[in-house]
Amino acid sequence: MIRLLLILLLSAGPLLLSLTPAAHAQESRYISDEVFVVLHAGPGSNYRWIGKLIPGTELTEKRRSTDGNWAEVATSRGTEGWVQAEYLSTEPPAQVRLPAVVRQLEEAQQESAELRSRLSELQAQQSDVGSQLAKSNADLQQVSEELAQLRQISGSAVETAENNRRLVEDSATMRTTLDTLEADNQRLQDRVRSSAFMDGAFAVLLGVIITLVVPRLWPKRKSSSSWA
């Protein structure tokens, strides 16, 4: 019985040594894109086939054989087996990455197209804003010119109003002076008429006096008769 156990231990020794777990933790691995890989039931090509793994298949590596040539893996569906470690890769193969890269490229192209469209919209808005700004500047210039004209007109109006006020004052002064002159003229005319009347009356009186007095001042001549 003991001899049988020793024989079994000696025959199973290499297998037990080959199944010694690796020091690293379980990590994701990928079948390289070179060949199809056979999943074996044990760490060797003499073990039965469990299935074929196509390039890009994602696996979870559980452990390595002592020589590092074989790795025990598990598929995403839970199938476990052994594959040659040289066909495992830490990165997805090109045929797996390519669709993702193509998808990213398409997304980048779409985003670029959206950005170009947005840029065109922004440029159009900028052009509209520029046109509105130019129009606003033109309107502002026109308003400034009109305001300057209004200020000039307002200044002229103020000056004209001042001149009119002065003219009104001068006219009132001249009217007062004219009224005074007319009153003086009227008094002068009245005085002249009164003086002329007095002169006329004095002349008439003088004529009457002369007519009545002067003949009496002359001596009378004695009349001679031829009969004397």
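Trainee: What percentage of the 228 residues in the chain do buried residues make up?
Mentor: Keep in mind that this is a predicted model. Buried here means under 20% relative accessible area. Of the 228 residues in the chain, the buried share is 14%.

Trainee: And what is the mean pLDDT of the chain?
Mentor: Let's take the residue share before the average. Residues that reach 70 or more make up 77% of the chain, and the mean pLDDT is also given as 77. Watch residues 1–24, though: pLDDT is below 50 there, and beyond near neighbours in sequence that stretch has 16 contacts in the model. Back to your question, the mean for the chain is 77.

Trainee: Which pattern does the chain follow, read along the sequence?
Mentor: Start with the parts: there are two helices and seven strands. One of the helices, α2, covers residues 94–217. Put in sequence order, the pattern reads α-β-β-β-β-β-β-β-α.

Trainee: Which strands each supply at least two residues of the largest nonpolar core?
Mentor: That core has eight residues: Val-37, Leu-39, Leu-53, Leu-59, Ala-71, Val-73, Val-83 and Leu-88. Now match them to the strands, with β2 at 37–40 and β5 at 70–75. The strands that each give at least two residues are β2 and β5.

Trainee: Leaving aside neighbours within four places in sequence, which residues is Val-83 in contact with?
Mentor: Val-83 belongs to the largest nonpolar core. A contact needs heavy atoms within 4.5 Å. With neighbours within four places left out, the list for Val-83 is Val-37, Val-38, Leu-39, Leu-53, Asn-69, Trp-70, Ala-71, Val-73 and Leu-88.

Trainee: On to charges. Is Glu-61 buried or exposed?
Mentor: Glu-61 has a salt bridge with Arg-64, their closest N and O atoms being 2.5 Å apart. Arg-64 has a relative accessible area of 22%, so it counts as partly exposed. Glu-61 has just 1% relative accessible area, so its label is buried.

Trainee: Which residue forms a salt bridge with Arg-63?
Mentor: Side chains of opposite charge can pair when their charged atoms come close. Arg-63 counts as partly exposed because its relative accessibility is 22%. Its partner counts as buried, at 12% relative accessibility. The closest N and O atoms are 2.4 Å apart, and that partner is Glu-72.

Trainee: How many residues apart are Glu-121 and Arg-118 in helix α2?
Mentor: Their side chains meet in a salt bridge at 3.4 Å, N to O. Glu-121 is partly exposed because its relative accessibility is 40%, and Arg-118 is partly exposed at 42%. About one turn of the helix separates them, and in residues that is three.

Trainee: Which residues do salt bridges that share partners join into one network?
Mentor: A search of the whole structure finds 10 salt bridges. Some of them share partners, and the residues they link into one network are Glu-162, Arg-165, Arg-166 and Glu-169.

Trainee: Last one: is Leu-212 buried or exposed?
Mentor: Leu-212 lies in helix α2. It is part of a nonpolar surface patch with Val-204, Leu-205, Val-208, Ile-209 and Val-213, and together they have about 520 Å² of accessible area. The cut-off for the top class is over 50% relative accessible area. Leu-212 has 56%, so the word you want is exposed.

Methods. Residues are numbered from 1 along each chain as its sequence is written. This is a predicted model: local features need pLDDT of at least 70, side-chain atom pairs count only at pLDDT 80 or more; totals for chains, interfaces and linings use all residues. Side-chain values use heavy atoms; hydrogens and water are left out. pLDDT is the predictor's confidence in each residue, from 0 to 100. Patches are made of residues with over 30% relative accessible area and no salt bridge: like charges are joined within 9 Å, nonpolar side chains (Val, Leu, Ile, Met, Phe, Trp, Tyr) within 5 Å. Accessible areas come from the Shrake-Rupley method with a 1.4 Å probe; for residues, only the protein chains shown count as cover. A salt bridge is a side-chain nitrogen of Lys or Arg within 4 Å of a carboxyl oxygen of Asp or Glu. Helices (H or I, at least four residues) and strands (E, at least two) are DSSP runs, numbered from the N terminus. Buried means under 20% relative accessible area, exposed over 50%, partly exposed in between (1.4 Å probe, protein chains only). A nonpolar core is a set of buried Ala, Val, Leu, Ile, Met, Phe, Trp, Tyr and Cys residues joined through side-chain atoms within 4.5 Å.
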